[in-house]
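Reader: Could you take me through this structure? I would like to begin with the sheet.
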Amino acid sequence: MIKIVKDTVPQLRVKSTEVPLPLSKEDKAFIDEMLTYLKLTQDEKFREKHPNVREGVGLAAPQAGRNVQMLVISYETGDEKHPLVEYQLVNPKIVVNSIKKCYLSNGEGCLSVDSEHPGRVYRSFKIVVEAYEAKLGEQVRITARGFDAIVLQHEIDHLKGILFYDHIDPKDPFKEIPGSVEI
């Protein structure tokens, strides 16, 4: 089972390397294992048996011990048309970001971060990401807004050695950016 690398470990601050395509059997097995683990974190019975495991919606490869450009995302939306957001992305790149900003009202959390970091993490409200989608076996272009965009940016930051609290203004953690959207 995957062991989450914590933010106290310098490895989490290292920029990840690109993954050669087509995916090797080892890389495909690793990204599948990441998705399986992420889904387990969302299972209440699993968390009861493993009290140190916290629920997550995204996981980047550096958090699972490998500094390669892979990430997985999985969560239910509550929307009947699109009830599940789920990706297994390799070598993701943000190719477009909006000027409009957004933030989560309760702040961001992270499987690798145990301590509290209160403050607003401003991110682009809309982004476009290009990546290889391992589940589909093809290049994809994803347009994401709001919560979806926040989750993607959070996980892509991990591939650059950036943690969510790096975005919090140390002098004014709850500063307001006019026109930003609270999610």
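Author: A definition comes before the sheet: strands (E, at least two residues) and helices (H or I, at least four residues) are DSSP runs numbered from the N terminus, and two strands pair if DSSP finds at least two bridges between them. This is a predicted model, in which local features need pLDDT of at least 70 and side-chain atom pairs count only at pLDDT 80 or more, while totals for chains, interfaces and linings use all residues. Residues are numbered from 1 along each chain as its sequence is written, and side-chain values use heavy atoms, with hydrogens and water left out.

Reader: OK, so which residue in β5 is the bridge partner of Lys101?
Author: The partner of Lys101 is Ser124 in β5. Strand β4, residues 101–103, is joined to β5 by 2 bridges, and the two run antiparallel.

Reader: And in what order do the 3 strands of the open sheet come?
Author: The order is β5-β4-β8, with mixed pairing. Because β5 (123–124) and β8 (181–182) each have a single partner strand, they stand at the edges, and one side of each is left without a neighbour in the sheet.

Reader: Switching to helices: what is the span of α3?
Author: Helix α3, residues 146–159, has 14 residues and reaches 21 Å from its first C-alpha to its last, which is close to the 20 Å expected (1.5 Å times one less than the number of residues).

Reader: Is α3 mostly covered or uncovered?
Author: It is mostly covered, since 12 of the 14 residues of α3 are buried, meaning under 20% relative accessible area, with exposed being over 50% and partly exposed in between (1.4 Å probe, protein chains only). Among the buried residues are Ile150, Val151, Leu152 and Ile156, and also Glu155 and Asp157. Just after α3, Gly161 takes a positive phi of about 80°.

Reader: Now Glu18, where does that sit?
Author: Glu18 lies in the segment before α1 (25–41), and it counts as exposed because its relative accessibility is 52%.

Reader: What is Glu18 in contact with, leaving aside neighbours within four places in sequence?
Author: Glu18 is in contact (heavy atoms within 4.5 Å) with Gln69, Asn91 and Lys93. Its side chain makes a polar contact with the side chain of Lys93 at 3.3 Å, a polar contact being a pair of N or O atoms within 3.5 Å, where within protein one must be able to donate a hydrogen and the other to accept it, and residues adjacent in sequence count only if both atoms are side-chain atoms.
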